[in-house]
Every structure is written in C-alpha cells, then in structure tokens.
Protein chains: 2
Amino acid sequence: MEVKTVVVRDKSKERDWALPPGCTVTEDVDDVLDDADIDLVVEVAGGTTFAKDVVFGALKKRKDVVTANKALIAACLPEIEALLEDVNAEGDKVSFGFEAAVCGGIPIIHTLQTDFVGDSVTRLRGIMNGCTNWMLTKMEAEGVSYTDCLTEASALGYAEADPTLDVGGFDARSKLAIMIRLAFGVDVSEDDISCKGITNIKQVDFAYAKELLGGTIKLLGVAEMAAEGHELTAYVTPAFVPDGNTLAVIDDAINAVEITSENLQSSLLVGRGAGRFPTANSCVSDIVGCARKGLPEAFAKKTTDVTFMNDFSSQFYLRIQYRNEVGIVGNLGDICAKHDVSIYSLLQKPESDYFVLITEYGPRSNIKKVAAEVEGASWCVGDTFLMPVATKE
Amino acid sequence: MEVKTVVVRDKSKERDWALPPGCTVTEDVDDVLDDADIDLVVEVAGGTTFAKDVVFGALKKRKDVVTANKALIAACLPEIEALLEDVNAEGDKVSFGFEAAVCGGIPIIHTLQTDFVGDSVTRLRGIMNGCTNWMLTKMEAEGVSYTDCLTEASALGYAEADPTLDVGGFDARSKLAIMIRLAFGVDVSEDDISCKGITNIKQVDFAYAKELLGGTIKLLGVAEMAAEGHELTAYVTPAFVPDGNTLAVIDDAINAVEITSENLQSSLLVGRGAGRFPTANSCVSDIVGCARKGLPEAFAKKTTDVTFMNDFSSQFYLRIQYRNEVGIVGNLGDICAKHDVSIYSLLQKPESDYFVLITEYGPRSNIKKVAAEVEGASWCVGDTFLMPVATKE
C-alpha cells in the first residue's frame, strides 16, 4: 500500500506529521477522485456536505472507501447502501469500511457485521459518548457542577466542536442509529429516536438515586426488540444504572456496548470511544481489510417487517421540586393511580427541596403523564426530571 | 450453503436435533475427506488425535476448516501454520477459522486478527475460564468451600470433562497461548507458561485480601510485553484484583479479555466463555466468513526477536499459616530483607492461624525465595500461598 495523495483544506497550515515518500498534498479533491491509480479513499473530513461528495464520488468511481464520519452515515445510510448495491451489481466488489465512525476504540462495527450473522440480537445497550461519561463520573465523584464539568471536558478535548452534540445525547444517538441497522437490520432515522441529554442532571440525583437503589447515573443508548422480532424501541437517555450492572463501573471517557442475543446471551465491548489514535487505528484496520479483500459486507443484515415504537417499559426515577403544602403526597398518589403508575419507593429528606419517586415497571407514556400533571400542580416548582432505571441484566 | 455429511462416533445414539434435508450421517470421516463436493469441514470432536487427523486431512485436501478445538490449536499451532503456508503457496486460499476455540462467546480471535493489525499490543489480561470464575464468585459470595463449589460447577456443566483442566488453570493457559500468538505474533509453547490454579485458595484469602486492599480474587491469564517489544512474560495465576479494576466485577461463568495497546490503550471484551450456543454461533460466523472468502488470515502477525521470560514483577500477596512462637515477625522481616522484598502491609488477626503480607512492587523470583525460606522456618505450618496483586489499570 502507498499513500499517494492527501487532500486538505489549507495546504499552508503547519502539520505535526511528515508525508510518506512520493505523497503529494492538494486542496482539490478531484486530484484523488479523478486519479485512476487510487484504489481507496479515506475520508476523515467530517460533516455531511463536502464529505458526502467525497464518499459518494469515490464509490461511484469504484474506489473502496474508509470513513470515520458518523454524522454522514447516520444521516445517509440508506443512500450509501443503495449506491453500494448499484456499484456492486457487477464487477469487482467495492468495499465500504466505517469501523472508525462508531466508538473509535471498540471494534463494534466488525463485531456486529461478522460475529452475529447467525445470531438474533435482542438488545443493544451502552455508554456511547465519552465526553458525557467523563462528565457524569466527575460530577458524582467530585461533586463538580454540570457547567464546570463541561468547561473542563472541552478543555481536555473530550467534547465535540459543538458540545451540545455530546451533552444533548445526539452524538450517542447517531451511533445508536448506525448500530441498530447492523444489529437488527432495521433502518431507523436518528430523528425518530427519542433523545434526552444530561443537561438537567443535578447533584441531588446522584445522591437520591444511590440512596434509593444503589448505583450511579449513565447516559445510555438503548435499542430493544420485542414482539418476537417485530417491534423495536430505541432511545438515548440518562438512566439510573444499579450496582451489579457492569455498565455502572465504566467510568471516565470510556465507551461500552452490551449486545444481548439469543446465542451469545450477553457480550460487552469496552474501550476508548474516540481520539486521534483509536480513530486512526480503526481506519488502518479497515484499509488493511480492503487490501485483503476481506472487509465484511457493510450492511448485510436487512429486515423490513419491524415497527418502530416510541414507548417502552421500565422502572422510572422521577425527581420533583416542591414547595411545602399540605397533602402533597396524597395528591401525588392520586395522580399516579389515575395514570396506572405504581410507586416502588419514595424519598424525601427534610433538608432538601426535592423528593424522588421510583416507579414499578411500566410504560414510559404513563409516567410522562404523571410528570406532566405534577408539573401543573400548585406545589410543584419548575420541571420534573425523569429517567429510566436500567435492569441489572 | 448446504450441510452434506455429519460424522459421528456412534450413529445409533439419540440426538436432540433433526438433520437438514439431503444430509447423511456416517461414522467414517473419509466420507467427508474424500468427497470433492465438500468445501468446508467443521471439526467439533475435540481432542488432539482423531481431531488432528480430521483438521490436517481436510486442509491437505484444500478444504476450509472451522474448528472449536482449543486443545489442538494450543498444542499444534506451528504445525497448523506450516501446513496452511504450504497449502496456500499456490491456488485459491484455504481458510482456517477458530473463533469458537477461545472464549466461545467473545469475538476475541477475529478482533485480534483484524482490529490490531496497525496497533502494538502491550498486554493481554483476563478471566479466561468460566468454571473457575463461577466457583470463585460463589466461594466469596456464599462462603462455600472449594470442594463443594467444584461439585456444583460440574453438575451445572461448567467444568470440563476433566475438571483439573479448569481448576488447575490449564484451560486458561491453552487460551492464553493461542491469544499470545495472535496478539504478539510470538509462538509460546503452553508448557512454558507458568500455571497455578485455584485449588489452594481458602476463604481466609478473600477476607484478608479484601481487608488489606479492597477487591476480590480472580484466576487471571496475563501476557505482557516489555523491553520495547523484545521480552514477553506470561502466566496463569489467581490474582488479587482491586476494586476499580473492571475485571473485579466480572462474576459467574463469564470470561473477559482486556487488551492494552499503543493506539487503543485499553479494550475489554466480556461474554460467556463457552456453552453450546456460543460455540455454535462462533462456528457459524466462521463458516459464513469462509463462504464470503472474508475470513481474516489465521496467523498474520509473526515476530521472532522476542525472548520469553519466566519472571515478572508485581505486588504480591503471601499467606502464611503459623504456630505461635516468639519473634515471628522479626524473623519474617529478616527473611524479606535478605531477599530484597519490601513489605507494603501486614495483617494478622488474633482469631486466625494465618497472617498475610502484601509486598511492594518487585520480581516474583524474590518473593518466591521468601516463601521457600518461610516454609523452612520452625513457626511455619504447611505451604504458603502466593499470588500477584493486579494493577488497577
């Protein structure tokens, strides 16, 4: 293999690496796309405009493509698949590698593509964003505020250029959408996946949740198959993760993806989510895979008879800020009963303005109705905060 | 794909599965080896005699081979590699898949073969035997004795037909030897790897180790590269795993392999180690890989300038049974000083016949000299018990 041409936005910018012998640098991507000697294009520009032209242009010219572009794949997966089918209808197969696009240091793409071909995945669950996991770890361990944590995470390079992609859960959601396609063979638009970030988590949530249940709070991406493979639900949300669930001890800027399946039962992959070297490493393994003509088929699993469901069932944690009035607990009990929500436990400490309830297992739609009605009560102050409680297994 | 012929030892034995249409059952393996229509042979017989004839016979006839036979690969890896080189010197490539042979439900073979091609692995470490991990979990959680645990593990089907392979650490060692080849490109005979099982662990070890350090005891397989890639050490041993190390929470019959490398830093793969469905699943993914001509090269990484070293450095845990005499601690201190071993902490409870010392970081050869000399002292009763303390990272 030989690196022939590198395309950059600005040739004059200083770089901290040397060019391999014989390699040229250009600002014009057509120097690559129009060069018949180039068999493979690595796209690490990011974004969905220029990068899309590069990826689609290269595939159309029958060049293998390796990309680290999560946003592009999440946004355009069906388009990429259609183009690959078109290009691969005849002649030598063109390969599309994107191990680097999802959880950089975890070989989750190859694993889903190859090791589950004879298996049925029933659930994907994991910590899919390193920045927010680092922040949650620090918030809990050191009592640092959300805002201070975000400032520090950005300074350390853990956050995306636009940190709302991290803290809003959108980065995790893009990864989840891609993994859903590989694990279940189902195309789900990322916008269809309900997404809640960590912006509303308070210190009190760590303390209350720990006291009520024992464990910690993680931002989880979850996709679960029900109705014997015909109904899929997926969401990104902070979740209470009880002690005994391995995800509870995955700290700092680490990602972890748990795959539940019929044959393998439970597989967990843990590693650095991103960074220069993990991303480069995943690109290199895909490049070598292309050269060996051994890269797995990009989107082999495909199912169509699956309905995507918004609602899902779980135990839930609901934190409510209140002002003292007579009859609050009675009123809350009435609201829960009205919406068929059973209370598992309740905690209110005299020194706190909050109380927290944990529900029995039930649909999210019901507890959301409870939250909405509570927010309308005279004794409720501001917004409530709702998150599911993850199962141990 | 079509399953054409199944070879069994005894055709008359009742089976709990149905044959696919057109499939025949035979007791003569030559019905498979001599059948030019058969492109791929799956060997799940086990052992290193008949199974070896099947695997080598099939490869020589240029049939792809998929096997779950850990013992065969660990014992004959260089022979298999030489045969593959020979067969693949010309013509269509013959593939050799053995994902099912090591930690059944964890895709560790494919991962090491493909995702670390551009990386340098510096350490492999993990829980590589499900039976012993189940036993250790139960011994600690329920205070059950080693003997009772083993009886129950066998009844549950967690133990090998010969359980000394599990409890003696030999099963873990076979897996470690295979993974060493894939991760480091180094051929190490399994007999060269120092191996200690769990047979001498007592209840007191869980209690003392927890009190001194916080954490638990796991049977670990470890291989570590030093001297800038020129010295490798490897061993299987019970180890004290401190809280904060993810391996400490991997309980029951679960396996976990942690790969430390220059690019990815730390990757952890967790899953069921064995069992009917995980093993079958890994075989199926290899069969599909063969059919797609996309199975990774079996033994691509190869290095020769590595010296295998017996000794390694760590903190150590040494448990000593004693009879009361004057001057024991002074005597022990003298012995440690003589062999250049620094004591990190020491615990002796009045109600116990044991005391335990934790050393500072240092070579195993030194603490083994201490143990030998202690065992010769008049105040020492029976054998001492020595294990390393795993680092958190």
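## Close-up views of a predicted two-chain model

Chain A has 12 helices and 17 strands. The model is predicted.

**View 1. Chain A as a whole: extent and packing.** The C-alpha trace of chain A spans about 80 × 50 × 35 Å along its principal axes. A compact globule of 393 residues would have a radius of gyration near 21 Å; the value for chain A is 23 Å, which agrees. Of the 393 residues in chain A, 54% are buried. Contacts in chain A reach across the sequence: among those between residues at least 6 apart, 72% join residues at least 24 apart.

**View 2. The surface and charges of chain A.** Chain A exposes about 16,900 Å². Carbon and sulfur atoms supply 49% of that area. Chain A carries 36 positive and 60 negative charges. The mean positions of the two sets are 1 Å apart.

**View 3. Chains A and B superposed.** A turn of 180° with a shift of 0.0 Å along the axis lays chain B on chain A. The RMSD is 0.0 Å. The two copies are thus related as by a two-fold rotation axis. The same surface serves both copies, and 100% of the contact residues of chain B recur in chain A.

**View 4. Thr5(A) in strand E1.** Strand E1 of chain A covers residues 5-7 and includes Thr5(A). The relative accessibility of Thr5(A) is 18%. Buried means under 20%, so Thr5(A) counts as buried. Neighbours within four places in sequence are left aside here. Beyond them, Thr5(A) is in contact with Cys23(A), Thr24(A) and Thr26(A). Val32(A) and Ile38(A) are also in contact with Thr5(A).

**View 5. Lys349(A) in the loop between strands E14 and E15.** In chain A, strand E14 covers 343-348 and strand E15 covers 354-359. Lys349(A) is found in the loop between them. Leaving aside neighbours within four places in sequence, Lys349(A) is in contact with Tyr208(A), Glu211(A) and Tyr354(A). Tyr354(A) falls within the range of strand E15.

**View 6. The pair Lys349(A) and Tyr208(A).** Lys349(A) and Tyr208(A) are 141 residues apart in sequence. In space, their C-alpha atoms are 9.2 Å apart. The two residues are in contact. A contact here is a pair of heavy atoms within 4.5 Å. Glu211(A) is also in contact with Lys349(A).

Note on methods
Residues numbered from 1 in each chain as written. Chains lettered and ligands numbered in written order. Predicted model: local features only at pLDDT ≥ 70, side-chain atom pairs only at ≥ 80, totals over all residues. Heavy atoms only, no water. Helix = DSSP H or I, 4+ residues; strand = E, 2+ residues; numbered from the N terminus. Rg over C-alpha atoms; globule rule 2.2 N^0.38 Å. Buried < 20%, exposed > 50% of the residue type's maximum accessible area, 1.4 Å probe, protein only. Areas by Shrake-Rupley, 256 points an atom, 1.4 Å probe, with all protein chains shown as cover. Lys, Arg positive; Asp, Glu negative; His and termini not counted. Charge placed at Lys NZ, Arg CZ, Asp CG, Glu CD. Least-squares fit on C-alpha atoms with pLDDT ≥ 70 in both.
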